[in-house]
Amino acid sequence: MRKWIPVALSLGTVVVVMRSLYGPADNWPAALAAVAAWWVLMGPAAVYGVPGMPLTTAALEVLPDDARTNPASDEWARQMTAKFARHGFVARSRFRLRGDSHFDFAQRLDNPTTGEVATLMAGWQPTPEEGPAIPVRIFVLITQVEGDGQVVTANSPLPSISPPLPGQRAYRLPEIADAAQLYSIHRRLVKKDGRKAVPIVLGDDPLAWERKQHDRSIALQVSHGLATRDEKAGRLKPTWKGAFRSTWLLHPFLTALQNRRATREASAALRVLPA
């Protein structure tokens with residue numbers, strides 16, 4: 001039923017506008033109010049109608065070490081793995097979401113002695129016109145600290161829909177495209193945080209880290225009223241609160257403002273430390 005809400009909203013708006021403009025008497029205020037309501041509600045209604053994210057990581061496919069995807073993405077991951085290896089990172093699992101046409105894969109690396117995890121995501125942004133797709137290269141750097149906390153530094157172009165996890169301090173620098181520069185900034189932010197980094201024990205499960213993060217994110221969204229668990233469908237479905245939050249957070253104008261604020265927050269945190 002959820003998927004029909006946007007259709008019903010659009011049809012209802014058309015009916016109100018037609019009756020307001022072509023009824024016994026013109027009613028421009030009613031027509032304008034209907035269009036305004038449609039503009040405000042259509043985005044959240046569309047988000048509310050989506051199936052939602054899976055409750056488990058079963059949709060993630062672990063790729064063999066010698067798997068080939070897009071040649072450009074494979075070469076980029078090879079170069080990044082070599083750069084991070086100089087800092088003690090070990091390449092772990094490479095995986096992708098089944099059926100996702102925008103991302104080739106994600107590559108996780110971790111440093112078992114420093115509590116650092118790096119996730120590299122390689123994908124492509126489609127272009128409206130016929131032409132080459134724009135490469136998307138995202139770094140997410142996480143240091144596990146005492147008290148089950150985390151310091152997160154990423155260059156994702158979009159803000160996170162979920163609130164920060166308990167004990168998590170997250171920084172987003174979408175303008176930083178260089179992995180070495182982002183890692184240097186991350187190390188300084190960890191120093192600024194002051195909490196002691198702790199080793200990570202993941203065992204042999206290639207998706208142990210991803211599963212833990214996934215489960216914590218789901219629990220957090222449910223506790224904040226942003227989503228509900230649909231055990232029968234195996235999906236996390238957004239509530240109206242979550243739908244409105246997602247729509248406004250990802251609005252292009254608001255995203256630009258948040259990007260500038262995220263950069264200012266990270267800069268303010270770094271200002272108290274020497275380079």
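**Two helices, two cores and a salt-bridge network**

Let me start with helix α3. Its buried residues are S73, D74, W76, A77, M80 and F84. Those residues cover an arc of only 160 degrees around the axis, so they sit on the same side of α3. A reminder before I go on: this is a predicted model.

Why would one side of a helix collect residues like that? An α-helix has 3.6 residues a turn, so residues three or four places apart point the same way.

What does that buried side of α3 pack against? The partners are four strands and a helix: β3 (90-97), β4 (103-111), β5 (116-125), β6 (134-145) and α4 (179-193).

Now the geometry of α3. The helix runs over residues 71-85, which is 15 residues. At 1.5 Å a residue, the span should be 21 Å. The end C-alpha atoms are 21 Å apart, so the two values agree. The N-terminal end is capped by N70. A side-chain oxygen of N70 lies 2.9 Å from the backbone nitrogen of A72.

On to α4. This helix also has 15 residues, with an expected span of 21 Å. Its end C-alpha atoms are 21 Å apart, in agreement. Which residues of α4 are buried? They are A179, L182, Y183, I185, H186, L189, V190 and D193. Again the arc is only 160 degrees around the axis, which puts these residues on the same side of α4.

Both ends of α4 have something to show. At the start, a side-chain oxygen of D178 comes to within 3.3 Å of the backbone nitrogen of A180. After the helix comes G194, with a positive phi near 90 degrees.

Next, the cores. In soluble globular proteins, nonpolar side chains tend to be buried together. Here, the largest nonpolar core has 26 residues. Inside that core, W76, F84, L120 and F139 have the most contacts. Which elements give two or more residues to it? They are α3, β4, β5, β6 and α4. The most comes from α4, with six residues.

Take F84 as a close-up. Set aside its neighbours within four places in sequence. F84 is then in contact with F89, L109, A118, L120, L141, A179 and Y183. Two of those names, A179 and Y183, are also on the buried list for α4.

There is a second, separate core as well. It has nine residues, including V117, V140, I142 and W209.

Now charges. Side chains of opposite charge can pair when their charged atoms come close. How many salt bridges does the structure hold? Twelve salt bridges. I will pick out three.

First pick: R92 with D110, at 3.1 Å, N to O. R92 is in strand β3 and D110 is in strand β4, so this pair ties together parts 18 residues apart in sequence. Is each partner buried or exposed? R92 is partly exposed, with a relative accessible area of 37%. D110 is at 5%, so D110 counts as buried.

Second pick: R108 with E210, at 2.8 Å, N to O. R108 lies in strand β4, and E210 lies in helix α5 (residues 208-223), so the pair ties together parts that are 102 residues apart in sequence. R108 is buried, at 2% relative accessible area. E210 is buried too, at 10%.

These two picks belong together. R92, R108, D110 and E210 are linked in a network of salt bridges.

Third pick: R229 with E231, where the closest N and O atoms are 2.7 Å apart. R229 counts as partly exposed, at 45% relative accessibility. E231 is exposed, at 51%. The cut-off for exposed is over 50%.

Last stop, T239. Where is this residue? T239 is in the loop between β10 (235-238) and α6 (240-249). T239 is buried, with a relative accessible area of 16%; buried means under 20%. A polar atom of its side chain lies 3.1 Å from the backbone nitrogen of G242. Beyond its neighbours within four places in sequence, T239 is in contact with Y48, G225, L226, A227 and T228.

That is the tour. Questions, please.

Notes. Residues are numbered from 1 along each chain as its sequence is written. This is a predicted model: local features need pLDDT of at least 70, side-chain atom pairs count only at pLDDT 80 or more; totals for chains, interfaces and linings use all residues. Side-chain values use heavy atoms; hydrogens and water are left out. The expected span of a helix is 1.5 Å times one less than its number of residues. Buried means under 20% relative accessible area, exposed over 50%, partly exposed in between (1.4 Å probe, protein chains only). The arc is that of the directions from the helix axis to the C-beta atoms. Contact means heavy atoms within 4.5 Å. A polar contact is a pair of N or O atoms within 3.5 Å; within protein, one must be able to donate a hydrogen and the other to accept it, and residues adjacent in sequence count only if both atoms are side-chain atoms. A nonpolar core is a set of buried Ala, Val, Leu, Ile, Met, Phe, Trp, Tyr and Cys residues joined through side-chain atoms within 4.5 Å. A salt bridge is a side-chain nitrogen of Lys or Arg within 4 Å of a carboxyl oxygen of Asp or Glu.
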